[in-house]
Each structure stands twice: as C-alpha cells, then as structure tokens.
Amino acid sequence: MASQDPLLQPFQLKHLVLKNRLMSTAHEPAYSEDGMPTDRYRLYHLEKAKGGIALTMTAGSAVVSPDSPPAFGNLHAYRDEIVPWLKRLSDDCHEHGTAVMIQLTHLGRRTGWNKGDWLPVLAPSPIREPAHRAFPKEAEDWDIERVVDDYVSAAQRMQAAGLDGIEFEAYGHLMDGFWSPATNMREDEFGGGLENRMRFSTIVTEAVRKAVGPDFIVGIRLVADEQWDKGLSREEGVEIARRLVAGGSIDFLNVIRGHIDTDAALNNVIPIQGMPSAPHLDFAGEVRAATKFPVFHAARISDVATARHAISEGKLDMVGMTRPHIADPHIVRKIEAGEEARIRPCVGATYCLDRIYEGGEALCIHNAVTGRETELSHETAAAASPRRAVVVGAGPAGLEAARVLAERGHKIDLLEASGEAGGQINLLVRNPRRREMVGIVDWRLEELERLGVAIHYNVFAGGDDVLAFEPDLVVVATGGIAQSPALDAGDGDGLVTSSWDILAGSTKPGDTVLLFDDNGGHPGMSAAEVIAATSAELELVSPERFFAPEIGGMNHVPYAKVFAEKNVRVTINTRLKSVRRDGNQLVAVLGSDYAEATEWERRVSQVVVEHGTMANADLYFELKPLSRNLGAVDYGALIARRAPLPQRNPQGRFDLVRIGDAVASRNIHAAIYEAFRFASLL
C-alpha cells in the first residue's frame, strides 16, 4: 500500500519525476580539490542518495567564470575537467533514484579579488560588499557578453555530465545584483526600470535554454524580497518571479528572502539556533500562489513536521532540509521505515556553515561521519567479537562512545558522576538562546535506551568502581574542569569567577563585571550574554585581534547583537594581568602583549574569566598501569583505520582509551569525532 505521507509523494517537474518531496538545496561544503568534486564531494552527496532523498543540489555555487573567484571552495564550472567528476557523482546518485542538479553562478561582488586567479571582482556597479570587503569594477559591455557565454558553456558542461538540471543563483550574486536598486546604479540599458534591471538575467536564461534545449531542467534560486529599505521590495521581487515564469525559460523557482551583504543580514536569510523556525515559509507559499509555478524553499526547516506541513498546506512543492541532511543524511529512509524518532536532529548550531565561511570545510557539530565518508561509515559495523566495556562520563564524548560501542554489539555500562547526562552541554543550554543544543544529548540518550545500555548516575567513579564491572575495555570520558588563566596575582585568592559559575547559576553576575576571555569560544561568549541580560555593566576583554576568534561569523551575530543592545564594552588586544581587592571592589590590572610596560586598571564588582578546561584525568592515570596498552595510542593506526591500541603490558586486564576534554580542552565536534573514531575500531 502506497504511503499517504505528503513528504513521500512524488512530484512531477516537467519530464522529471522526483520520488518524494525532500531535497538538499545547493550549498558548498568546501570538499572540492582544485575546484573539482572528487571522491569526498561525491560520497557526501551519494550518502544522501542512499538515505532516500529525492533531489540533491550540488555546489553553492559553481562558478561560471574565472573572474568569479571561489570564495567558499566553489566548484569550477568553467573548466572541462569537471564533467567526468560530476558524471560519476550523478551516475552514483541515479542508481539510488536520486536526481542531481547543480547551482551555477557568477559571484559578482560576493567574493575577494585575492582569490583564485586574482582577477578584478565584477558587479553591475562599483559598490563594495561589506562581507567580502572587495571593491568591484563596473561590468562593461564586453564583460556582460563573455559572462553570458560562460553561463551557456557551463550549462552545457552540466548537461554533458548527465545531471538532471541546473539552478541559477540570484541572491547576493551578479544576476540579482542587476535587479536590486541597492547595487545597480547604472544609467545604460541594464539600469533604471525593472525591465532594464532584468535584462542581464533575461539574456542569460534565454541563451542557456536555447543551448540546452527543452528537456533539461533549468531553475533559479532567487531573492524575491530583500527586506531592505534600499533594496528589492516584495512587490518587485514577486514581479520578477512572475516575469521569469512568463519568459518560459525557467522550470522552477527556489525562493529566498533577505539580503546577505553583511553577517547580520545573512543570519536573517539562514537563521541559526535561537531564531524562529522556518521564518520565510509563508512568504515562499505566497510566491507559489502568485506565480502558480513550482516553488522550492529552504530556510531553517529543521524538523519533519514542519516539512510535512509545508507540503500538505500547499506552500511548497519541494522542501529543502539542507542542514538537517548534514546532521542525518538518512532522513527519508527513516521516515519510510517508521523510525522518524530516530532521526539525528539538526540543533541549529551552524558549525557547518561557520567552518565554511572561516575557510574550513562543512562539519556537523554532532555527526562525525558527514564529510568524512571516504574513511568513515554512517552504518556502524558489528564487531568481530563482543566485549565488556565501561565508559566513564556521560558528556558528548562518553555518550557517543557508548552509542557506537553498543551499535557494534558490545556490552556497555556508562558511569556518570552527576545525576544527569550532558556534561558541559548542560552549561551551554543555560543560555536560553542555545537550548536546542540539548538535542545532542537527548538523541543519544534515546539511542542508548534502544540499545539497552545501562547508565549509572551519581557514580563518582574510582578505579575500584570501574574494575567491579570486570571490563575488557575502559573509555575515560571524564571531561574537564574550568581553569583560570595564569595571572600575576588574584587567580588563587578567590578573586575571580569562572564562566562556568555564571552559566551554572551558582554565582550571580555583579553590578559591574569585567569578563576576560582568552579561550575565544562559546563558553565565554555565552557567559557574557547571560551577564548582559541582567543589565549589568559589562566589559569583555580579549587578548586577541578580535573577540571570539573560535566562533564563526554566523554565530558571532547573536552575541554582537546582544552586546550592542546592552552597551557591552568590547576591548581587544588586552590581557588581564592581575586582580586585587580594594574595599568592596576589585581592581583588574590590564596590559598589552604589544607594549609590555603599559598597564591600566578597571574597578569592578566582579571579574569573570574563561580559559578553557583542564583535563579531569585522575581516573585515567589510576587505571593506566593496569591496562594492556598502558594508555598508549598508535596514531598512525588510528588515522589509517586499523586497531589503534598497542599491547604494551601483557599482564594488563583491559584496553584503556581517553577521549574528549579528558585529554585536552577542545569543542563538542572534536569530542564526538574522537569518540566515534575510537569506538568504531574497538
């Protein structure tokens, strides 16, 4: 019997039948090598095809011209060498019934001149984009002619690669740069009224349609409302959509709302945790109603229920769940199997995108396999022989180690010193804006219950507690404890408060607070946000060139917003040297790494410090001499995916592994990745 689930119904897009209503919209995971979608790129998309998705849209975006320098590891659609790589990717996905398309663009001003071949950045008018800081040249007639030809050639390459279609990118890039009054100041036939501003996109779409013929899908991801007083209005945006439909060269609209020339504006287009769910869904539905044309859309549609609502209410034809498929590429397969509750949730951390924008590659904060499909598997293999294992610590590292070991068939006992699982995540979620992070914990607890893992709470485990289980394997995931930076005076005198104390609520913020953060990640910033919410007078001090360097641009935005609203003073290039008491106040002595003789003081009621964690490793060192490997790890074997624990003590009673912050202060992804890579080999 056919499923009645709206998400599992096929969708007819011209001649192409999409087998369900879920898609991954175009994004650039930065897995390319020299602009080519090599094996890492291919396997990332193939995993979603294995997971049942109907359509995976590659690239975000593939650049059509050399003077569209790759800003995010973009694919090079202007090179013939890309064809065989994409052919293999599309063939592999087609074997699983998944359609493959690619997004093409000229980035316009949304890039940097010092990327790629160092050619001048191009735009309709010479207006700088703040996000990428490039001053573009105004496109000349010969620029327009060659870029149109480049679009055509790129589209033909995609057709030759066997893809099902292409999508033009028209938000924040060259094409819609011509549309927007904010970026088009031209006085020729490409500027002025809407018809003139659409002239470039009309020429491109018509030329591409003529080149690829009627049986190749051509769509457009377009901004239909820039939500900007000097930009494209809703009325003009919807009219552009209508005209594109009427032109007959386009087969679908992928609707975006907002503008992306600054980090703050980008967050409204691609919301992160603490922001509303699916904020532009109703607007996309309005565009669909106005155009009576196939409409796709993605913007924080993070859960299956919202996606199902979008289809059942006729708001969309295809739902983009892009970040959720980074968290769990098998969403459709789990829906089909009646295992919707087992879908690993996207918690909105946006670690994936922040890494891309900071020059890294997309990684999910709590799925270690995504992006590593060349070496790891989303399907956990059974171990050759079951083992009796004890995992100590139920933070993210311990929970992940217990989950993967249990999936492999081992008998697991998980010991936790406190009365609840979660570790440092329990501190993060004390910041109301970051409550969704608890999904990292809750999902694993549900999986451990399904797998029959016994969790023993309120066990502050010593060596005897562990040995009582007669384990063959011990995983120490005891985390870390807050530590203070080295000060000349004051850190050992009870004069400073840790960010943990603020987040845990064990210490209330003072009236005037100085927060010194030389860790540069979420803990200090979350503590600052919590302090600022109390209306305390707060100064945030960092020795870095800019505050919170371990946090990417998208997660920077909500912190910066709060700091601006609450008038938080941000001081960079400054180090806390010492703290002393003076009456009922504290005197914080500050200095500079750049001019060591300089000092100045702040008189405050409270000094809060954030300096990462110190490994809580006592249990590990107690157990180390009793273990077969004496705690040693063969890193070469670990990297090569071979048995990583050398046998150094034949009299040892168990193998011993230490993971997460119990080794050194890092982040959630590092803890989960380390847990996975060890547990999947043991």
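Colour the chain by secondary structure to begin, and the protein shows 23 helices and 27 strands; keep in mind throughout that this is a predicted model.

With the whole C-alpha trace in view, turn the protein along its principal axes, where the trace spans about 75 × 65 × 45 Å. The radius of gyration is 27 Å, which agrees with the value near 26 Å that a compact globule of 682 residues would have. If you then colour by relative accessibility, buried residues make up 60% of the 682 residues. Contacts may be displayed next: of those with a separation of 6 or more, 71% are between residues 24 or more positions apart.

Switch to a surface representation, which for this protein exposes about 26200 Å², with carbon and sulfur atoms supplying 49% of that area. Selecting the charged side chains brings up 72 positive and 94 negative ones, and the centres of these two sets lie 2 Å apart.

From here the tour turns to individual pairs, taken from the 51 salt bridges that the structure holds.

Select R308 and D5, whose side chains meet in a salt bridge with an N to O distance of 2.8 Å. This pair links distant parts of the chain, since R308 belongs to helix α10 (residues 304–312) while D5 lies in the segment before β1 (11–13), 303 residues apart. Is D5 buried or exposed? With a relative accessible area of 13%, D5 is buried, because the cut-off for that class is under 20%.

Move next to E407 and R342, another salt-bridged pair, here with 3.9 Å from N to O. This pair, too, links distant parts of the chain: E407 sits in helix α14 (residues 396–407), and R342 is found in the loop between α12 (331–336) and α13 (351–357), 65 residues apart. E407 has a relative accessibility of 25% and therefore counts as partly exposed.

For the last stop, select D67, K137, E140, D143 and R146 together, as these residues are linked in a network of salt bridges. Within this group, zoom in on E140 and K137, which form a salt bridge whose closest N and O atoms are 2.9 Å apart. Colouring the two partners by accessibility shows E140 as partly exposed, at a relative accessible area of 37%, and K137 likewise counts as partly exposed, at 24%.

Methods: Residues numbered from 1 in each chain as written. Predicted model: local features only at pLDDT ≥ 70, side-chain atom pairs only at ≥ 80, totals over all residues. Heavy atoms only, no water. Salt bridge = Lys/Arg side-chain N within 4 Å of Asp/Glu carboxyl O. Helix = DSSP H or I, 4+ residues; strand = E, 2+ residues; numbered from the N terminus. Buried < 20%, exposed > 50% of the residue type's maximum accessible area, 1.4 Å probe, protein only. Rg over C-alpha atoms; globule rule 2.2 N^0.38 Å. Contact = heavy atoms within 4.5 Å. Areas by Shrake-Rupley, 256 points an atom, 1.4 Å probe, with all protein chains shown as cover. Lys, Arg positive; Asp, Glu negative; His and termini not counted. Charge placed at Lys NZ, Arg CZ, Asp CG, Glu CD.
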